[in-house]
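Take a look at the pockets of this protein. Which residues form their walls, and what kinds of residue are they?

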Amino acid sequence: MWGRFVYLEVVPNEKLVWLNGFSNEKGEITRAPFFDGGWPLEVHNTVIFTDEGDKTRLALRGMPHAATADEIKTFAANRDSMKGGFTGTMEQLDDYLKGIKS
């Protein structure tokens, strides 16, 4: 699978904002290869980093971008699946950061 990420805002050590979606090898937006067309073409993501002393809190928010009512419904219905996927990704990031910190 291919994906396209378009960064809209980068504030070092504070915030990242981007649009992402599935694409073809040329970077042209395409439908997700699952959900039979019900997934939004693009998702608007914001990550906020907050300094908490010797730790950093990462808050991620993703919302359908320019989506139809059906795409918004599909996105909402899959929130638990996305939460599970992001939790696993963040756990891997945590393990990686612990490894390079040692």
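The second largest pocket of this predicted model is lined by F49, D54, K55, T56, L58, M90, L93, D94, L97, K98 and K101. The space in this pocket is about 530 Å³. Two elements, strand 4 and helix 2, each give at least two residues to its lining. Helix 2 gives the most, with 6 residues. By class, the lining of the second largest pocket has 5 nonpolar and 5 charged residues, plus 1 polar residue.

Now turn to the largest pocket. About 1000 Å³ of space lies in it. The lining of the largest pocket has 35 residues. Closest to the centre of the largest pocket are V43, N45, L60, M82 and F86.

Which elements each supply at least two residues of the lining of the largest pocket? They are strand 1 (2-11), strand 2 (15-23), strand 3 (42-52), strand 4 (55-65) and helix 2 (79-101). Helix 2 supplies the largest share of this lining, 10 residues. In the second largest pocket, too, helix 2 gives the most to the lining.

The table sets out the lining of each pocket by class.

| Pocket | Nonpolar | Polar | Charged |
|---|---|---|---|
| Largest pocket | 22 residues | 10 residues | 3 residues |
| Second largest pocket | 5 residues | 1 residue | 5 residues |

In the largest pocket, 22 lining residues are nonpolar and 3 are charged. In the second largest pocket, nonpolar and charged residues number 5 each.

Conventions: Residues are numbered from 1 along each chain as its sequence is written. This is a predicted model: local features need pLDDT of at least 70, side-chain atom pairs count only at pLDDT 80 or more; totals for chains, interfaces and linings use all residues. Side-chain values use heavy atoms; hydrogens and water are left out. On a 1 Å grid over the protein atoms alone, a cavity is a set of points where a 1.4 Å probe fits but cannot get out, and a pocket is an open set with protein on both sides within 12 Å along at least five of seven lines; lining residues have an atom within 4 Å of a point. Grid points are joined across faces, edges and corners, and a volume is the space filled by probe spheres set on the points. Helices (H or I, at least four residues) and strands (E, at least two) are DSSP runs, numbered from the N terminus. Ala, Val, Leu, Ile, Met, Phe, Trp, Tyr, Cys and Pro count as nonpolar, Asp, Glu, Lys and Arg as charged, and the others, Gly among them, as polar.
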